[in-house]
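I set out to record, step by step, what I looked up in this structure. The entries below follow the order in which I worked.

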Amino acid sequence: MDVAALSVWFDEHARDLPWRHAGTTGWGVLVSEIMLQQTPVARVEPVWREWMARWPKPSELAAATQGEVVRAWGKLGYPRRALRLHAAAGVIATEHGDVVPSKIDTLLGLPGIGAYTARAVAAFAYGQRCPVVDTNVRRAVARAVHGAGDAGPPSTTRDLADVEKLLPEEPADAAKVSAALMELGAVVCVARTPRCADCPVRAGCAWQRNGRPAYAGPAKAVQKFAGTDRQVRGLLLDVLRGSPDPATKQRLDLVWSDAGQRDRCLDSLLVDGLVEQTRDGRFALPGEH
């Protein structure tokens, strides 16, 4: 893969995302990475802007209640991410001088921060040379380097090694290539209708040379939403986010007709700490009763 051409393309065509702007802190990058997990950029950007205006430092988020944080998370989905970010903010504020750490091992010690997020923050906030691998990167590398229609099942060791080989030695250049690979997979080398005519590495793409073979690996699971527990949990949280006072069980019962599924989802929200029950039996966001 011609990473020099990829880097030039990124300079000219990268999306103007606010967390990429000069001056964005490690905190801003961390918040963006947590929000972007399994959530499209278009949905994340306005919420990220609101969060950074309201809580520009970890200590300010840590001082908010869990309920305020869940409420501000809105409809981004997977709201446990909001609680994990709140917990991480507390540790950053008290143990790291209110500054997001730059070392991967230290980042991994924060609540809810996994290997991908730690590497993304190290590369995109601090310009370090480390492979950052998500689904988009895996697909772009599978095609351009290996000539496959898509990436097969993930293998952390193999995937990191594949990307490591592509990174320039200079840390700043490597960090840009990491971002460029992600951008390439997100907007050009997409899963269903890749824009090969616009690809900066098309000339050396092994997939093109192979005649663009179809993906022949194991079928990938398609995530459903309608009718799932995720949908029901979201509907229950919507009621609580939209109410200044705790809600009765009867009010929550109106959101979904299947009582068994509805009660199971409410129980799971209680277990996850996203909902709390008041002494009089009503339900509220955490810390809001």
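**Entry 1: Helix H13**

I note at the outset that the model is predicted. I began with the length of helix H13, which runs over residues 229-241. At 1.5 Å a residue, its 13 residues should span 18 Å, and I found its end C-alpha atoms 18 Å apart, so the expected and computed spans agree.

Next I asked which residues of H13 are buried. They are Val232, Arg233, Leu236, Leu237, Val239, Leu240 and Arg241. I recalled a general point here: an α-helix has 3.6 residues a turn, so residues three or four places apart point the same way.

I then looked up what these buried residues pack against. Their partners are four helices, H5 (66-73), H6 (80-95), H14 (249-253) and H15 (259-271), together with strand S2 (283-284).

**Entry 2: Arginine 233**

I chose one residue of helix H13, arginine 233, for a separate check. Is arginine 233 buried or exposed? Its relative accessible area is 14%, and residues under 20% count as buried, so I entered arginine 233 as buried.

I also searched for a polar partner of its side chain. The side chain of arginine 233 makes a polar contact with the side chain of aspartate 272, at 3.0 Å. Setting aside neighbours within four places in sequence, I listed the contacts of arginine 233 as Arg80, Cys265, Ser268, Leu269, Asp272 and Leu274.

**Entry 3: The largest cavity**

How many cavities of 30 Å³ or more does a search of the whole structure find? I recorded 2. The largest has a volume of about 110 Å³.

I counted 15 residues in the lining of the largest cavity, and those nearest its centre are Cys189, Cys196, Cys199, Cys205 and Trp207. Helix H9 (135-144) and helix H12 (206-209) each supply at least two residues of this lining. H9 gives the most, with 3 residues. Sorted by class, the lining of the largest cavity holds 11 nonpolar, 1 polar and 3 charged residues.

**Entry 4: The second largest cavity**

The second largest cavity contains about 50 Å³ of space. I listed its lining as Arg71, Leu240, Ser243, Pro244, Asp245, Pro246, Phe283, Ala284, Leu285 and Glu288. By class, this lining has 6 nonpolar, 1 polar and 3 charged residues.

I noticed one link back to my first entry. Leu240 is among the buried residues of H13, and Leu240 also lines the second largest cavity.

Terms used. Residues are numbered from 1 along each chain as its sequence is written. This is a predicted model: local features need pLDDT of at least 70, side-chain atom pairs count only at pLDDT 80 or more; totals for chains, interfaces and linings use all residues. Side-chain values use heavy atoms; hydrogens and water are left out. The expected span of a helix is 1.5 Å times one less than its number of residues. Buried means under 20% relative accessible area, exposed over 50%, partly exposed in between (1.4 Å probe, protein chains only). Contact means heavy atoms within 4.5 Å. A polar contact is a pair of N or O atoms within 3.5 Å; within protein, one must be able to donate a hydrogen and the other to accept it, and residues adjacent in sequence count only if both atoms are side-chain atoms. On a 1 Å grid over the protein atoms alone, a cavity is a set of points where a 1.4 Å probe fits but cannot get out, and a pocket is an open set with protein on both sides within 12 Å along at least five of seven lines; lining residues have an atom within 4 Å of a point. Grid points are joined across faces, edges and corners, and a volume is the space filled by probe spheres set on the points. Ala, Val, Leu, Ile, Met, Phe, Trp, Tyr, Cys and Pro count as nonpolar, Asp, Glu, Lys and Arg as charged, and the others, Gly among them, as polar.
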